[in-house]
Amino acid sequence: MKKNNYTYVWVSFILLVFGIIFVPRIIERVNSGKVVQTGRLNLEGPNEKLAFIEINGEKRKVPPFAFINQDSIMITNQDYAGKVYVVDFFFTTCPTICPIMSKNLVQLQDQFKDFEDFGVASFTINPEHDTPRVLKTYAEDYGITHMDWHLMTGDLTEIYELANTGFSIFAAQVPEAAGGFEHSGLFALVDKNGYIRSRKDQFGNPIVYYRGAITQEEGENDHGETEQMSILKEDIKKLLEE
């Protein structure tokens with residue numbers, strides 16, 4: 001047999017062995033959705049630390065704030081020092097996404113009720129209506145019981161500055177909108193040192209915020225956007241363990 005024929009036989013044999021051993025494994029990984037876990041399309045592994053949100057090379061930190069909560073107690077950002085917490089902007093008369101957001105936050109409250117270093121900071125974007133008394137009733141209606149979940153109200157200008165500049169989470173008075181206000185429905189995740197954190201997207205960039213107006217049960221909304229409460233729960237656990 002010629003040398004070229006020997007080479008052909010060996011190459012064929014190697015390809016056959018490769019197919020027998022590795023092809024079933026590849027098919028299994030594709031079917032289980034694991035095929036991209038180690039590639040650039042999914043940089044967020046089980047032990048991957050959450051990203052810091054940076055602006056001009058500086059890690060973004062929650063700016064100082066001071067507002068009155070549902071119990072008429074002054075709450076500042078220092079009250080959340082050493083805690084992992086979720087931030088949202090809402091209003092009690094919201095006819096659209098706020099009820100969904102609040103229910104999602106109650107799920108977080110119930111899941112992390114035994115963690116003293118977990119909290120929620122909810123800021124109303126309609127402070128003229130949402131007094132401490134109104135917020136207290138809202139808290140009771142939704143089953144908000146966590147001692148570190150503060151629903152806060154105060155000066156309208158300061159709240160909008162905190163939302164739009166401090167967090168870059170959109171909130172605005174829009175008379176023609178449902179309820180008279182518009183806001184994004186996003187949740188911010190803050191670590192124990194007051195830094196805004198998030199996981200990375202499929203391209204390795206921080207997602208920055210989490211969709212708070214879609215439930216896990218719903219899966220996705222009418223626009224085809226998927227729920228992110230499941231990954232938010234995972235990421236809260238990561239920060240609690242840091």
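**Helix α2**

I started with α2: at 1.5 Å a residue its 14 residues should span 20 Å, and its end C-alpha atoms are 20 Å apart, which agrees. The expected span here is 1.5 Å times one less than the number of residues in the helix. Helices (H or I, at least four residues) and strands (E, at least two) are DSSP runs, numbered from the N terminus.

Note to self: this is a predicted model, where local features need pLDDT of at least 70 and side-chain atom pairs count only at pLDDT 80 or more, while totals for chains, interfaces and linings use all residues. Residues are numbered from 1 along each chain as its sequence is written, and side-chain values use heavy atoms, with hydrogens and water left out.

Next I looked up what α2 hides. C98, M101, S102, N104, L105, V106, L108 and Q109 are its buried residues. Buried means under 20% relative accessible area, exposed over 50%, and partly exposed in between (1.4 Å probe, protein chains only).

**Whole chain**

I counted five helices and 13 strands in the protein chain. Of its 242 residues, 41% count as buried. I also checked contacts (heavy atoms within 4.5 Å): among those with a separation of 6 or more, 70% come from residues 24 or more positions apart.

**The listed site**

I pulled the UniProt record, an unreviewed entry, and found C94, C98 and H183 under "binding site". The three are spread over 90 residues of sequence but cluster in space, with a largest C-alpha distance of 10.1 Å. UniProt positions are in the numbering used here, feature names are shortened, and annotations may be inferred rather than shown by experiment.

I took the cysteines one by one. C94 sits in the loop between β6 and α2 and is buried, because its relative accessible area is 7%. Not counting residues up to four places away in sequence, C94 touches P99 and H183.

C98 lies in helix α2 itself. With a relative accessible area of 1%, C98 is buried too. Outside four places in sequence, C98 is in contact with F90, F91, Y138 and H183. So H183 turned up in my contact notes for C94 and again for C98.

How many disulfides does the structure hold? I found zero, taking a disulfide as a pair of cysteine sulfur atoms within 2.5 Å.

**Helix α5**

I ran the span check on α5 (residues 229–241): its 13 residues should cover 18 Å at 1.5 Å a residue, and the end C-alpha atoms are 19 Å apart, which agrees. Its buried residues are M229, I231, L232, K233, D235, I236, K238, L239 and L240. What do they pack against? I noted β6 (84–90), α2 (98–111), β7 (118–124), β11 (186–190), β12 (196–198) and β13 (210–211).

**Second largest pocket**

I put its volume at about 150 Å³. It is lined by 14 residues, and Q70, D71, K136, I144 and H146 lie nearest its centre. α3 (132–142) and β8 (149–152) each supply at least two lining residues, with α3 giving the most, three. For the record, a pocket is an open set of points on a 1 Å grid over the protein atoms alone where a 1.4 Å probe fits, with protein on both sides within 12 Å along at least five of seven lines; lining residues have an atom within 4 Å of a point. Points are joined across faces, edges and corners, and a volume is the space filled by probe spheres set on them.

**E54**

Last, I checked E54, which is in strand β2 (residues 54–55). E54 counts as partly exposed because its relative accessibility is 49%. Leaving aside neighbours within four places in sequence, E54 is in contact with K59 and R60. E54 and V208 are 154 residues apart in sequence and 9.7 Å apart in space, C-alpha to C-alpha.
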